[in-house]
Amino acid sequence: MSGPLSTDRKPLVEVRDLVTRFDLKGGVLGGITGRVHAVEGVSFDIFAGETLALVGESGCGKSTVARSIMQLDRPLSGSIRYDGHEIIGAGRAMLAGFRREVQMVFQDPFSSLNPRMTIGQALADPMRVHRIARGGELRKRAADLLAKVHLPPEHLERYPHAFSGGQRQRICIARALALDPRLLIADEAVASLDVTIQAQVINLLMDLQRDMGIAILFISHDMAVVERIAHRVAVMYLGEIVEIGDRRSVFGNPQHPYTRKLLSTVPVADPAQRPVGREPMSDEIPSAVRGVDFVPVRLPMNAVSSTHFVRQTSLA
Ligand SMILES: Nc1ncnc2c1ncn2[C@@H]1O[C@H](COP(=O)(O)OP(=O)(O)OP(=O)(O)O)[C@@H](O)[C@H]1O
């Protein structure tokens, strides 16, 4: 894995002070009884061709960040700029272009593919909808996409049930590449695969990134996987980014107690090699549900170095 990428370039994605909350309804009258503060003032950049990993335990808000970027969840406030243009509240034409250039790969390759469509149809579909190709050209392009994920063209005629989990995830990646994206959002994309297949899919993503220059927002709870693929790492805890920096810096010199706890879950062959400050994980993550009157306090980010920032919080 290469070292930190230069940050003197313009970011492809600029997320600033993003807040996304969900109302909880209940009671006899179905009124609002509380709010989930899923994403609470999140800011980060993604640069072309880099992998930014968003890590944290289940429920800390990672998927909501991804869904907010894709405009699948509606942010309450903040800004998401893509290639210099604001996405929140953008018009149809702008969003259509954005949705072509930003593609997602999800955790479950079994439910991501329509069981009644052949692989050829599944790969051709986005190109047909976006009028990128038609007729015989569609089939040729679909075969090229399969080749990119190291699968033979015979698979085009088959249905999803004929494939293993790892093969299906390759097919989902191929489909995500159909529109030549500039950003791939991989939300726990290897979490359902066993370790050997995980390694193959990670290598595939890294090769594709090198060959096609795609940026990747890699969402994961698994620090061992993140250590392999990420250029930079953003650690989320209870809806906030508590630490962000170059992979080497975050893994080698973790500053926030939560980052240290997460890192303590990474198996180390020799415990003496564990960097100072990695602590064993013990306590449960608290809930992000708040009363309706709750006003969050925004805490400052302290610079550890120009490429490594940590939020001043202890664990709740
Ligand atoms: N549509 C929704 N309505 C209500 N609450 C939601 C909704 N979507 C997410 N949440 C809540 O927001 C919080 C953050 O969820 P999110 O899925 O973003 O976390 P995550 O870190 O991606 O975890 P996981 O990997 O388990 O999905 C959780 O408490 C979750 O229950």
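Select Arg35 and Arg290 to start: Arg290, in strand β11, is the bridge partner of Arg35. Residues here are numbered from 1 along each chain as its sequence is written. You are looking at a predicted model, where local features need pLDDT of at least 70, side-chain atom pairs count only at pLDDT 80 or more, and totals for chains, interfaces and linings use all residues.

**Stop 1: the open sheet**

Now colour the two strands around that pair. Strands β2 and β11 run antiparallel and are joined by two bridges. (Strands are DSSP runs of E with at least two residues, helices are runs of H or I with at least four, and both are numbered from the N terminus. Two strands pair if DSSP finds at least two bridges between them.) Add the neighbours and you get an open sheet of five strands in the order β5-β4-β1-β2-β11, with antiparallel pairing. At its edges sit β5 (85-86) and β11 (289-290), each pairing on one side only.

**Stop 2: the ligand**

Show the ligand next. Which residues come nearest to the ligand? Select Phe22, Ala38, Ser58, Ser63 and Thr64: of the 13 residues around the ligand, these come nearest. (A residue counts as near a molecule or strand if its C-beta atom, placed from the backbone, lies within 6 Å of it.) Two elements, β2 (31-46) and α1 (62-69), give two or more residues to this shell. The largest share, three residues, comes from α1.

Try colouring the shell by class: you should find five nonpolar, six polar and two charged residues. For this count, Ala, Val, Leu, Ile, Met, Phe, Trp, Tyr, Cys and Pro are nonpolar, Asp, Glu, Lys and Arg are charged, and the others, Gly among them, are polar.

**Stop 3: helix α1 and what follows**

Stay with α1. Is this helix mostly covered or mostly open? Mostly covered: seven of its eight residues are buried. (Buried means that 20 or more other C-beta atoms lie within 10 Å of the residue's own, exposed means 12 or fewer, and partly exposed is in between; C-beta atoms are placed from the backbone.) The ones to click are Lys62, Ser63, Thr64, Val65, Ala66, Ser68 and Ile69.

Move along to Gln71, in the loop between α1 and β4 (77-82). Its phi is near 65°, a positive value in a residue other than glycine. Gln71 is partly exposed, because it has 17 other C-beta atoms within 10 Å.

**Stop 4: strand β8 and its partners**

Jump to strand β8 (residues 215-220), where six of six residues are buried. Turn on the side chains: Ala215, Leu217 and Ile219 point one way, while Ile216, Phe218 and Ser220 point the other way, and all are buried.

Now bring in the strands that pair with β8. Strand β3 (residues 51-55) runs parallel to β8, and five bridges join them. Look for Ala53, which stands opposite Phe218 in β8. Strand β7 (residues 183-187) also pairs with β8 in the parallel sense, over five bridges. Here, Asp187 has Ile219 in β8 as its bridge partner. Follow the chain from β7 through helix α7 (residues 195-212) to β8, and you trace a right-handed β-α-β crossover. (Right-handed means that, with the strands pointing away from the viewer, the path from the first strand over the helix to the second runs clockwise.)

**Stop 5: along the crossover**

Which residue in the loop between β7 and α7 deserves a click? Pick Glu188, which sits in that loop. Glu188 has a phi near 55°, a positive value in a residue other than glycine. Why is Glu188 called buried? Because 20 other C-beta atoms lie within 10 Å.

Go on to Thr196 in helix α7. Thr196 is exposed, because it has 8 other C-beta atoms within 10 Å. Draw a line from its C-alpha atom to that of Ala178: these residues are 18 residues apart along the chain, and their C-alpha atoms are separated by 26 Å.

**Last stop: zoom out**

Finally, show everything. The chain has 10 helices and 13 strands. Its radius of gyration is 20 Å, close to the 20 Å that the globule rule gives for 316 residues, so the chain is as compact as a globular protein of that length. (The radius is taken over C-alpha atoms, and the rule is 2.2 Å times the number of residues to the power 0.38.) Buried residues make up 37% of the 316 residues.
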